[in-house]
Amino acid sequence: MKLIYSLMLVLCGLTLINAQKTYTVEGTVQDFHDKTALENAVVKIGGFTTKTDHAGKFTLNKIPAGKYILIAKHPDCNDYTENIGINQDLNIAITLEHHVDDIETVTLHGNHKNKGSVVLKTLDKTEIERNSTENLGNLLSKISGVAVLKTGNNITKPVIHGMYGSRISIMNNGVKMAEQEWGAEHAPNVDVNDFEHIDVIKGASALKYGNDGVAGVVLLEPAIPPKKDTVMGNLKLSGISNGRGGEIAANVLKSWENEWFVKAGGSYKKTGDLYIPHHTLQNTGAEVNSFNFSFGNHGFMQGFDVSYSGINQEFGIYKGAHLGNNYDAYMAINFGQPYFLDDFSYDITNPKQDVEHHIVKLSAYKRFADFGKLTFQYSFQLNRRKEYDIRRGELNDVPSMDLRLITHTASLTHLIERAGWSLESGISAGYQDNYPNPATKARRLIPDYYRYDAGAFSVFKYRFSPKLNAEAGVRYDFSRYDSYKYYDGSEWEEKYASVFPQFYVQKNDSRILARPVFDYHNFSANIGLNYQPSRDFDIKFNFSRMSRTPNPAELFADGLHHSAAIIEKGDLRIKKEEIYNANLSLTGRFDVLKGLQVEANPYMMFSDSFINQMPVGFQSTNRGSFAIWEYQQVKARIYGIDADAQLKILDNLKWTTSFSTLKGEDLTKNEPLILMMPTNLRNSIELNLNKPSNFYIRLENENVFKQNSFPIRDQSVQFIQDDELVTRVIDYSSTPAAFSIFHASVGADLFRNLNLNFRINNIFNKEYREYLNRLRYYMPEAGRNFVVTLKYNF
């Protein structure tokens, strides 16, 4: 009987096992944004695995009832994970975050994958960390087509294809910097230690960033927080020989798997007077400190973040650029007569510039399955700029210029993506309040003004085929200035009384109080094409028409600009600037050694209303003798070419080169444009041994040719010499000689988390002057500089 019962139990068990039902799970995997099917996506349910076909479909058969973890994976997508229960046949639709390629403009970018009409080349994290003690302008000048406009050796700003100032938009973590950026002597208020990569958009095709960037856009991008439970950060210590200074910087990030994060960072840098070959320049030290903090939640479907960044920069202005009389100016500019050399000090005295900048940003986004993605952003900026002149008595401690600029901006954008196209649209609004403090007891260079802005844009991208993509964009912007400004009575009568009688308010003694109110309507558009006839060749073309509102300096500037050591004059009669810009990019990859890539980017800019600043005279005042620079509107043309090549000689040895040349023409006066970038050529060779210590060594050579295309703007001055009044001509036009300098750097991991980087700038301590340094008349560029940086990662 026991044997019979045992056999019956076994048979019943087999019957139960055979009776257990299995089910089929099938479905599709598609892109969340544009709903295209994703082929070869891996779908796993428990121990069962399959892949999607060309239509994005998958099927899993004979899965027993129960609870499982479903996982879907696809290259370049975030993994999809979900707990599911199977007690019947299922049909599942899975969406993954898989971005289509962007098509925007001719850009410089590094290692980003992109098949749109952009040439992408970036200053990546490695390049930034190797040069973390440099300012933004010097860092960007390593890119072909990007130069740097200087006021001395501390104050620098980027120049793209011969244009600078308001024509370049700097986007700091998505916020357009508003920092009185219109002049040559206003350095961007950013700390490069805050960013993981920096992109430069060359040309005027990035309409979503505004209509001011007719030369290009600089995108400063921080690191994306990882979606895992971790604490990470770094501490950097740098020693700088030229200026006998140093820098300390730290960043820390805490993130969670639930996609929350909080991070903070800051830096402090101090240098003394800078060294030039054989001498020290008095009052050329700098002190910079910054802090940033942010927190938020970056989920796939929705998210937000709140951030703050602040920076304070104090720069000494070389005293030799502020000359007491016409004789000193004549001797300094024509004969290189040195003033204020040697006597090293860390003190920063007058003349100097003290600037602080604060940004608060709030942004949030929400994705909708069929509607697309909505993003809202609000930002507040406070810029406070103080410039101190050499003044007598109690006034020496009072700034000669004290500007406070408050900016509010808000934007709402919508992005929808489909299989062969995408559409991004947005609206924005802004308000600016500029207040020049009258306590300076000096003529205010920029007056009180309110500025109101509103804009709307739309960019449509279409993929004709895997080889051909296109985009078209339009933008409208409205701007209004409402200002109050005093004019000398004679100047008002001569220039503006008959043109703008409606602006007259009242007369106070010999001064006229005016209230200029201007409205500007700007329409901009661009088209872009990307054609890839073969795997190893790309053709990209962009054409744009941009319209830009004149900046406050171009309209209102009136007086001595202390940090630039010039007298500036604006003009109310200046109209909006309209620029046509064409960019062509050709990229080829060749089977030479371990691989050769060559890129060429010819371009042309044309404008009938180009706003140009020119020297028009020399004026002796009770505060010194200074050149007068006046804003004018002319017909202009700029054309040139950038070229880059990279040859991989061995797997760990590469050679890179870049070449840039351009020519600017003032077609109204039939003469060259002033301050155009000289032709330059850069070469470097780098050896990388990734194992075991990430050792690298790099040698660079920078060649800048003499600028032979420049307008003649020599200035006549009078002074007493040998008891006789004489007239002399100051050579304000001649350009510096060509030069070639060398740099070298080496680095390695000393231990697992400790890295050492050592760099030498200007190895042979060559004395040279740069054409794009507004103080080149009075001082050469900095001499040899040793920089050593220790970085500890945790």
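**Close-up views of salt bridges and a small sheet**

**View 1. A salt bridge within helix α5 of the predicted model joins glutamate 491 and lysine 495.** The closest N and O atoms of glutamate 491 and lysine 495 lie 3.7 Å apart, and the two side chains form a salt bridge. Both residues belong to helix α5 (residues 489-496), where a spacing of 4 residues separates them by about one helical turn. Glutamate 491 counts as buried, at 12% relative accessibility, and lysine 495 likewise counts as buried, at 17%.

**View 2. Arginine 511 and aspartate 488 form a salt bridge between two strands.** The closest N and O atoms of this pair are 2.8 Å apart. The contact links distant parts of the chain, since arginine 511 sits in strand β30 (residues 511-514) and aspartate 488 in strand β28 (residues 468-488), 23 residues apart. Arginine 511 is partly exposed, with a relative accessible area of 22%, and aspartate 488 also counts as partly exposed, at 26% relative accessibility.

**View 3. A network of salt bridges includes Asp488 and Arg511.** Besides these two residues, the network links Arg443, Lys485, Asp558 and Lys569. In the structure as a whole, there are 39 salt bridges.

**View 4. Aspartate 212 in a loop meets lysine 176 in a strand.** The two side chains come together in a salt bridge with an N to O distance of 2.8 Å. Aspartate 212 lies in the loop between β14 (197-202) and β15 (216-221), whereas lysine 176 lies in strand β13 (residues 175-176), so that the pair, 36 residues apart, links distant parts of the chain. Aspartate 212 is buried, with a relative accessible area of 11%, while lysine 176 counts as partly exposed, at 29% relative accessibility. Side chains of opposite charge can pair when their charged atoms come close.

**View 5. Three strands form an open sheet with mixed pairing.** The strands follow the order β4-β1-β7, and the edge strands, β4 (57-64) and β7 (90-96), each pair on one side only. From one strand to the next, the twist averages 25°. Strand β1 (residues 22-31) runs parallel to β7, with which it pairs over 7 bridges, and within this pairing glutamate 26 stands opposite asparagine 91 in β7. Strands of a sheet pair through backbone hydrogen bonds, either parallel or antiparallel.

Technical notes:
Residues are numbered from 1 along each chain as its sequence is written. This is a predicted model: local features need pLDDT of at least 70, side-chain atom pairs count only at pLDDT 80 or more; totals for chains, interfaces and linings use all residues. Side-chain values use heavy atoms; hydrogens and water are left out. Two strands pair if DSSP finds at least two bridges between them. Axes are lines fitted to C-alpha atoms, for helices over the stretch in contact, and angles run from 0 to 180 degrees between N-to-C directions. A salt bridge is a side-chain nitrogen of Lys or Arg within 4 Å of a carboxyl oxygen of Asp or Glu. Buried means under 20% relative accessible area, exposed over 50%, partly exposed in between (1.4 Å probe, protein chains only).
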